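User: Please take a close look at the cavities in this model, and dwell on the biggest. I would like to know what surrounds it and which kinds of residue are involved.

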Amino acid sequence: MKFSLILLAGLCTLAYSAVLQAHKVKVDQEYIQKQKQIWHLVDHINQPSHYHEHIEIAKSYHIEDHVDQYTKADVVKKFTQYWKYGMLPKGEIFSIMYQDHMEQAIALFQMFYYAKDYQTFYKTAVWARQHVNEGMFLYSLSVAVVHRPDTYGIILPPIYEVYPHYFYNTEVIHQAQVYKQQHYDQQHREKHGDYDYTIVANYSGHYLNLHPEQSMSYYLEDVGLNAFYYYYHLYYPFWMSGEEYGLKNDNRGELFYYMHQQILARYYLERLSNGLGETAFFNWDVPVETPYYPSLEYPNGLEFPSRPKFADLHEYFYNYGQSWTTRDQYGYSPSNVKDAERRINDVIDFGYAYTNEGKKVALFTKEGMNVLGNLIEGNQDSPYQEFYRPIWYYARHLLGYSYQALDKHHVAPSALEHFETSMRDPVFYQLYKKIVLKFQRYKLRLPAYTEHDLTFQGIKVVNVEFERLLTYFEKFYSDITNAVYYTSEELDSNKHPHFRVEQYRLNHKPFNYKVVVKSDKETKAVVKIFIGPKYDQYGRHINITENRLNMLQFDHFVYDLKTGENVITRNSQSSYFYGPDRTSYYDLYKQILGAGNGQTDYYVDGRQNYFYFPQRFMLPKGTQDGMTFQFYVIVYPYVPYHGQQEHHEQDHRFNYPKVGTGGLYIDGYALGYPLDRNIKYEKMWYHIPNSYFYETKIYHKHSDDDNIHHHLHHEH
Ligand SMILES: *[C@@H]1O[C@H](CO)[C@@H](O)[C@H](O)[C@H]1NC(C)=O
Ligand SMILES: *[C@@H]1O[C@H](CO)[C@@H](O)[C@H](O)[C@H]1NC(C)=O
């Protein structure tokens with residue numbers, strides 16, 4: 001079976017509190033100890049650690065004396081070579097999208113991953129915390145924590161609190177630093193719980209209003225949304241071999257497609273709510289209209305590069321006045337993306353890919369979609385990575401309009417070149433639209449679904465009902481203490497000022513919904529619900545064939561149907577795609593300390609882990625007078641996901657799918673089924689008895705707080 005949450009949610013109707021209870025897992029002292037250690041490791045990441053334990057271990061632990069403590073000796077050799085002959089120094093900017101940085105980060109990750117036991121892993125990590133580049137350390141450590149079996153269930157703190165620089169605009173970071181310097185001046189101090197200062201953060205467009213796309217900055221810059229995308233890439237790094245690290249049971253290639261298709265669908269719903277239309281389509285040969293000014297600054301003070309309006313992507317213009325000879329492969333990004341695009345098109349039309357040994361791999365097979373996904377992502381499982389190439393990788397360098405580095409250790413990556421910040425740039429969506437349409441080029445060659453394919457004999461969805469759907473903005477607080485610097489005395493005494501950010505974020509009122517299904521038998525079924533638009537920004541009806549890819553998966557679960565009428569009740573907390581905000585750094589830290597003293601039993605919410613889409617974004621904003629959306633519900637026969645049966649070692653302890661176990665999959669159908677392909681006749685969509693279209697409005701409540709318009713700036 002799936003992880004128990006789905007089972008539970010599928011079998012009975014649960015009240016909110018019961019659902020939350022189901023996510024709570026009691027943990028032991030060993031877990032608490034590990035959790036505490038991981039949190040200490042990432043605390044004040046931009047400063048050397050002040051913990052005495054760290055200082056001791058970093059001095060006394062010599063990796064080369066412990067080669068036998070690592071499963072693979074050559075991993076140690078490789079790493080020590082990098083260490084001896086030049087790794088990215090501390091204080092420089094790290095990006096996984098630069099080849100040299102990536103190779104070093106992998107070498108470091110392998111040290112963490114192949115450490116034979118937790119103690120060796122921990123000591124290696126402490127050593128690296130003091131010696132290796134901060135960004136690289138954080139990245140490699142985080143990937144190791146989500147992939148090592150003995151750290152399954154350990155919660156990584158919210159990335160926007162570990163690295164506030166990548167999530168909050170320069171004014172916010174600057175403000176925190178000013179207050180830190182003026183700490184003894186009473187003026188701005190105002191105690192709230194543990195916090196001495198509250199900084200009100202605005203989205204970009206508040207100060208400099210430069211482009212209509214900025215009206216969406218509350219969405220593009222949402223810290224939960226960006227964190228979600230970052231976490232997804234920790235679980236499925238493009239450089240990770242599925243064979244070596246046990247990702248084989250998860251169809252990562254297909255997931256790459258589905259993840260981005262869903263991100264695009266969600267974005268379109270939000271655009272419509274703001275009166276904007278389709279995500280633009282761009283062409284490499286035509287200047288890119290959409291500019292981007294990140295308003296972000298690196299911890300070392302360098303600003304994120306920006307892209308001007310009508311940015312020219314031709315090799316000559318893109319590189320004008322910069323070095324683009326043999327120093328840097330990224331100077332050739334315009335050609336690289338075009339090569340990659342042409343090869344992808346060819347391979348789809350041809351129906352076969354080639355491996356590096358020249359073996360043919362058929363694409364129009366059961367596994368074909370996953371192969372194509374690996375090929376387009378250009379990940380380690382691609383049939384021929386060097387030939388097909390990761391198009392997104394070069395495209396991000398190109399569209400980010402970052403500078404060609406003179407030296408591989410001094411790079412200034414654009415927002416697109418970090419997973420933490422890429423969703424802030426509107427061009428991100430334009431790029432992935434191009435990529436998602438490649439997959440559709442493939443899907444359109446598969447047979448369209450017929451009435452026979454989609455009909456579930458004897459099953460009828462007779463009614464669907466949703467409670468009133470209401471969205472609003474609410475204040476959200478996060479800890480940005482890590483954006484400022486402290487002396488070791490301040491850190492040791494923990495008497496230093498604490499900073500928090502207050503920011504408005506979208507949310508919705510909790511709601512219930514109901515699906516009524518008539519069945520002529522007892523059977524195991526799958527219920528899938530999508531939400532999508534009904535009209536475009538001009539109020540024109542969008543025909544379902546064109547609307548297919550705009551439909552966002554809303555809920556998906558296995559259900560045992562009884563004979564007769566089944567009333568299935570769900571609520572906004574039941575869907576397993578959506579997760580709550582992570583607990584703030586300091587709050588969780590205090591809980592752990594309390595639990596570590598043995599004061600109380602300690603429970604962990606499994607949804608603090610993994611890459612859940614933010615719960616608060618389950619509904620698009622809608623409008624004040626109500627905006628029409630539609631839900632599409634389909635009930636189909638249950639077929640298990642093939643990967644799961646092969647893998648018997650699924651771990652359910654923490655109620656979230658352990659990576660590589662196939663636990664992510666609810667059933668064995670294509671991701672996005674049945675909207676992943678065309679259907680034979682347009683009108684047929686409305687004649688499948690086991691499906692249902694339900695139309696409703698989403699309302700947006702304007703806040704009484706006048707200030708909100710300043711903060712969000714969506715009136716411009
Ligand atoms: C955000 O906007 C408000 C209202 O204009 C202003 O008072 C506040 O200082 C701004 N925050 C920052 C960090 O600039
Ligand atoms: C719906 O859109 C598709 C794709 O553009 C088109 O082929 C089809 O004819 C349209 N259907 C109707 C009823 O207009």
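Analyst: Helices (H or I, at least four residues) and strands (E, at least two) are DSSP runs, numbered from the N terminus. The model is predicted, so local features need pLDDT of at least 70 and side-chain atom pairs pLDDT 80 or more, while totals for chains, interfaces and linings use all residues. Residues are numbered from 1 along each chain as written, chains are lettered from A and ligands numbered from 1 in the order written, and side-chain values use heavy atoms, without hydrogens or water.

Searching the whole structure gives ten cavities of 30 Å³ or more (a cavity being a set of points, on a 1 Å grid over the protein atoms alone, where a 1.4 Å probe fits but cannot get out; points are joined across faces, edges and corners, and the volume is the space filled by probe spheres set on them). The largest of these cavities has a volume of about 430 Å³. It is lined by 26 residues (those with an atom within 4 Å of a point). Closest to its centre are Leu255, Tyr258, Met259, Tyr576 and Phe577.

Two elements, helix 14 (252-273) and strand 10 (552-561), each contribute at least two residues to this lining. Helix 14 contributes the most, with six residues.

By class, the lining of the largest cavity holds 19 nonpolar, four polar and three charged residues (nonpolar covers Ala, Val, Leu, Ile, Met, Phe, Trp, Tyr, Cys and Pro; charged covers Asp, Glu, Lys and Arg; the others, Gly among them, are polar). Leu255, Tyr258, Met259, Tyr576 and Phe577, around the centre, count as nonpolar.

Key. 1 Å grid on protein atoms, 1.4 Å probe; cavity = no way out; pocket = protein on both sides within 12 Å on 5 of 7 lines; lining within 4 Å.
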